[in-house]
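These are my notebook entries on a protein model. I record what I looked up, one topic at a time.

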Amino acid sequence: MKKTFWSLLYICFAFFTQLCLANTTPALWHVEKNGVTSYLFGTVHVGDEAMKGLPSYVEQAISRSDKVVVEVDISALSPMQIQQRSMPLMMLRNGRTLETELSSKNYQRLSDYFAQKSINIAMFSGLKPWAVLLTMVQIEYQNAGYSEQNGIDKQVLAKANAIGKPIMELESLEQQLEMFSALDNYADEMVNDTFRQLKDLDHYFARLISAWKQGDTDILRQYYHDAFDDSEFGQLNEHILLIERNQNWVAQLNQPMQQQSLFIAVGALHLPEKNGLVNLLREQGFTVTKRQPSQ
């Protein structure tokens with residue numbers, strides 16, 4: 001089976017790198033129509049201390065823009081606000097528990113995993129499986145020395161706030177969490193994918209990390225195809241987590257991009273292939289060009 005649900009989450013929500021970002025050249029796209037130029041930038045959401053500092057050409061594009069666009073402006077929310085808004089969507093209802101949502105085999109796998117971390121799985125009893133799996137992913141990143149505080153999204157937002165650029169959100173925090181709930185019926189598949197990913201985390205991302213750092217869109221396209229299979233679960237993943245969202249984003253951005261310059265920063269896997277933002281914007285009559293750092 002190809003990598004599906006958690007491959008996509010890792011790619012869209014959690015790239016990491018061990019080299020200084022200032023020495024990399026991630027792709028930046030110029031998007032033009034009616035004499036107005038905007039910028040499209042694929043982001044990575046977690047990183048280590050060495051990732052601090054956006055490339056100069058990215059900072060220049062932010063400065064030239066009238067507004068910065070992100071998936072969700074987490075910088076505008078306190079940790080307490082995030083928790084208060086997230087928990088209602090993460091909790092199970094009507095007497096359901098984590099154990100009732102999973103096969104006995106997968107519940108035991110989760111129990112064993114957390115026991116190795118000296119964590120009692122009972123503390124997650126009221127959470128939806130996807131919420132527990134997100135906790136697993138966060139644990140693994142933290143253990144490897146990575147956090148979203150050093151991610152590119154946070155740095156883009158920090159730069160925008162520092163120079164007084166208005167910020168536009170494409171989605172609410174609730175919308176992002178609700179898309180996971182649409183996959184509730186595939187809890188066991190999500191568990192299987194997560195454990196599969198954890199086994200080859202370092203190996204799987206070695207090429208991917210290099211591709212992002214060098215702006216290699218061809219390899220990113222390969223990973224897009226590797227992220228899904230032809231199963232009902234794989235196709236649903238692609239539709240909910242990418243296709244539907246990309247279409248909604250383009251509908252939101254079409255008119256504003258013809259009136260003002262936007263710097264659009266979203267997860268990198270939202271850009272390639274026929275349902276990606278690059279192609280969808282071209283279908284709307286925009287000229288979309290990958291630019292070199294010197295341009």
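**Entry 1: Strand pairing**

I began with the strands of this predicted model. Strand 3 pairs with strand 5 (residues 262-267) in the parallel sense, over four bridges. Within this pairing I looked up Val69, which stands opposite Ile264 in strand 5. Strand 3 also pairs with strand 4 (residues 167-169), again in the parallel sense, over three bridges. There I found that Val70 has Glu169 of strand 4 as its bridge partner.

**Entry 2: Confidence**

I then asked where in the protein confidence is lowest and where it is highest. The lowest value belongs to helix 1 (residues 5-13), with a mean of 48, and the highest to strand 3 (residues 67-70), at 98. Over residues 10-23 the pLDDT is below 50, and this stretch has 61 contacts in the model beyond near neighbours in sequence. For the protein, I noted a mean pLDDT of 83, with 77% of its residues at 70 or more.

**Entry 3: Helix 5**

I checked the length of helix 5 (residues 104-116) against expectation. At 1.5 Å a residue, its 13 residues should span 18 Å; the end C-alpha atoms are 18 Å apart, so the two agree.

Which residues of helix 5 are buried? I listed Asn106, Tyr107, Leu110, Ser111, Tyr113 and Phe114. They cover an arc of only 160° around the axis, and therefore lie on the same side of helix 5. The face turned away from this buried side carries the exposed residues Ser104, Lys105 and Gln116. I also looked up what covers the buried residues of helix 5: the cover includes helix 4 (98-101), helix 6 (129-143) and helix 9 (187-199). After helix 5 comes Ser118, whose phi is positive, near 60°.

**Entry 4: Nonpolar cores**

The largest nonpolar core has 31 residues, and I noted that Leu98, Leu110 and Phe114 have the most contacts inside it. The elements giving two or more residues to this core are helix 3 (79-90), helix 5, helix 6, helix 8 (173-181), helix 9 and helix 12 (232-253). Helix 6 gives the most, with six residues.

I followed Leu110 further. Leaving aside its neighbours within four places in sequence, Leu110 is in contact with Leu98, Leu102, Ile121, Leu133, Met136, Val191 and Phe195. Apart from the largest core lies another, of 21 residues, and I recorded Met257, Leu262, Ile264 and Val266 among them. Ile264 is thus a residue I have now met twice: it stands opposite Val69, and it belongs to this other core.

Technical notes. Residues are numbered from 1 along each chain as its sequence is written. This is a predicted model: local features need pLDDT of at least 70, side-chain atom pairs count only at pLDDT 80 or more; totals for chains, interfaces and linings use all residues. Side-chain values use heavy atoms; hydrogens and water are left out. pLDDT is the predictor's confidence in each residue, from 0 to 100. Contact means heavy atoms within 4.5 Å. The expected span of a helix is 1.5 Å times one less than its number of residues. Buried means under 20% relative accessible area, exposed over 50%, partly exposed in between (1.4 Å probe, protein chains only). The arc is that of the directions from the helix axis to the C-beta atoms. A nonpolar core is a set of buried Ala, Val, Leu, Ile, Met, Phe, Trp, Tyr and Cys residues joined through side-chain atoms within 4.5 Å. Two strands pair if DSSP finds at least two bridges between them.
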